[in-house]
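Biologist: Please give me a close look at a single part of this model, the lining of the largest cavity, and then set that part beside its surroundings.

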Amino acid sequence: MSPTPVPDLPDIGPRENLRDRIGKALRAAIISGKLEPGVVYSAPALGAQLGVSPTPVREAMLDLVKAGLVVTHANKGFRITEMSEQDLDDLAAVRRLIEPPTVRDVVPVVPAADFPQLRALAQAIVDAVECGDLVGYIEADHVFHLTLLGYSGNRFLVDVVSDLRSRTRLLGLTPLLESGRLGRSAAEHHELLDLVEARDPAGAELLMHRHIGHVRGLWAGGVEDAP
């Protein structure tokens with residue numbers, strides 16, 4: 001008997017390996033402050049928390065060492081690097097130089113057919129807040145903004161922004177979540193898409209300035225930075 005022919009199956013898309021998934025979770029935990037700056041964490045302890053063996057945790061942490069987010073401590077583990085107030089100011093300043101004008105420039109070129117996908121990405125940010133999932137919130141926010149910037153066609157710009165966003169610390173997220181203010185901030189992503197769909201470059205640029213102000217201000221545990 002000949003084997004049963006296999007029907008055409010849909011492409012399941014790219015699959016991340018365990019190391020990549022762990023790296024994203026650890027990166028988001030560092031940004032949100034769940035992994036505290038200056039504290040040394042061991043791979044076995046992190047692995048137990050994540051429900052995985054220490055090996056992929058060590059591999060993911062070594063990737064974060066290259067990104068400057070952690071440093072190794074021989075026979076102890078990995079220390080989360082600390083960011084000074086000046087560091088955070090400088091990161092926000094560079095992001096403001098790049099992101100708002102890039103968003104302005106992509107507004108006319110985002111295909112209308114892509115709006116549903118972008119809406120879904122924006123809603124994932126809102127959903128994460130409603131579930132109280134800060135790690136999921138940071139990852140969804142990261143994907144949304146890099147996807148939007150990707151319409152610039154400049155992969156180097158996207159890589160630079162990805163690195164800048166990864167180095168940011170958002171230590172004020174937990175109190176914002178508890179107060180309900182983070183939900184209002186998450187809804188800004190839909191507001192941004194409203195401006196993109198309306199083909200309003202100036203409005204989108206202004207909103208991005210305000211959005212980055214949140215990052216440096218309230219989200220970083222300080223006072224909101226005005227545009």
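Modeller: By class, 6 nonpolar, 3 polar and 3 charged residues make up the lining of the largest cavity, where Ala, Val, Leu, Ile, Met, Phe, Trp, Tyr, Cys and Pro are taken as nonpolar, Asp, Glu, Lys and Arg as charged, and the others, Gly among them, as polar. This is a predicted model, in which local features need a pLDDT of at least 70 and side-chain atom pairs count only at pLDDT 80 or more, while totals for chains, interfaces and linings use all residues. Residues are numbered from 1 along each chain as its sequence is written, and side-chain values use heavy atoms, with hydrogens and water left out.

A cavity here is a set of points, on a 1 Å grid over the protein atoms alone, where a 1.4 Å probe fits but cannot get out, and a lining residue has an atom within 4 Å of a point. Grid points are joined across faces, edges and corners, and a volume is the space filled by probe spheres set on the points. By this rule there are 2 cavities of 30 Å³ or more, and the largest cavity holds about 140 Å³. It is lined by 12 residues, among which Ile31, Arg95, Asp141, Arg165 and Leu170 are the closest to its centre. Helix H6 (134–149) and helix H11 (201–216) each supply at least two residues of this lining, and H6 gives the most, with 4 residues; helices (H or I, at least four residues) and strands (E, at least two) are DSSP runs numbered from the N terminus.

H6 also leads to the largest pocket, for whose lining helix H1 (18–32), H3, H6 and helix H7 (155–167) each supply at least two residues. A pocket is an open set of grid points with protein on both sides within 12 Å along at least five of seven lines. The largest pocket has a volume of about 290 Å³ and is lined by 18 residues, with Gly23, Lys24, Arg27, His142 and Ser166 nearest its centre. H1 provides the largest share of this lining, 7 residues, and by class the lining has 5 nonpolar, 4 polar and 9 charged residues.

H3 in turn leads to the sheet, since helix H3 (residues 54–66) lies across S2 and S3 and runs at about 120° to S2, an angle taken from 0 to 180 degrees between the N-to-C directions of axes fitted to C-alpha atoms, for helices over the stretch in contact, with contact meaning heavy atoms within 4.5 Å. The sheet is open, with 3 strands in the order S1-S3-S2 and antiparallel pairing, two strands being paired if DSSP finds at least two bridges between them. Strand S1 (40–41) and strand S2 (70–73) are at the edges with a single partner strand each, so one side of each has no neighbour in the sheet. S1 pairs with strand S3 (residues 77–80) over 2 bridges, and Val40 stands opposite Arg79 in S3. S2 is joined to S3 by 4 bridges, with Val70 facing Ile80 and Thr72 opposite Phe78.

As for confidence, pLDDT, the predictor's score for each residue from 0 to 100, averages 85 over the chain, and 88% of the residues score at least 70. Over residues 1–15 the pLDDT is below 50, and this stretch has 0 contacts beyond near neighbours in sequence.
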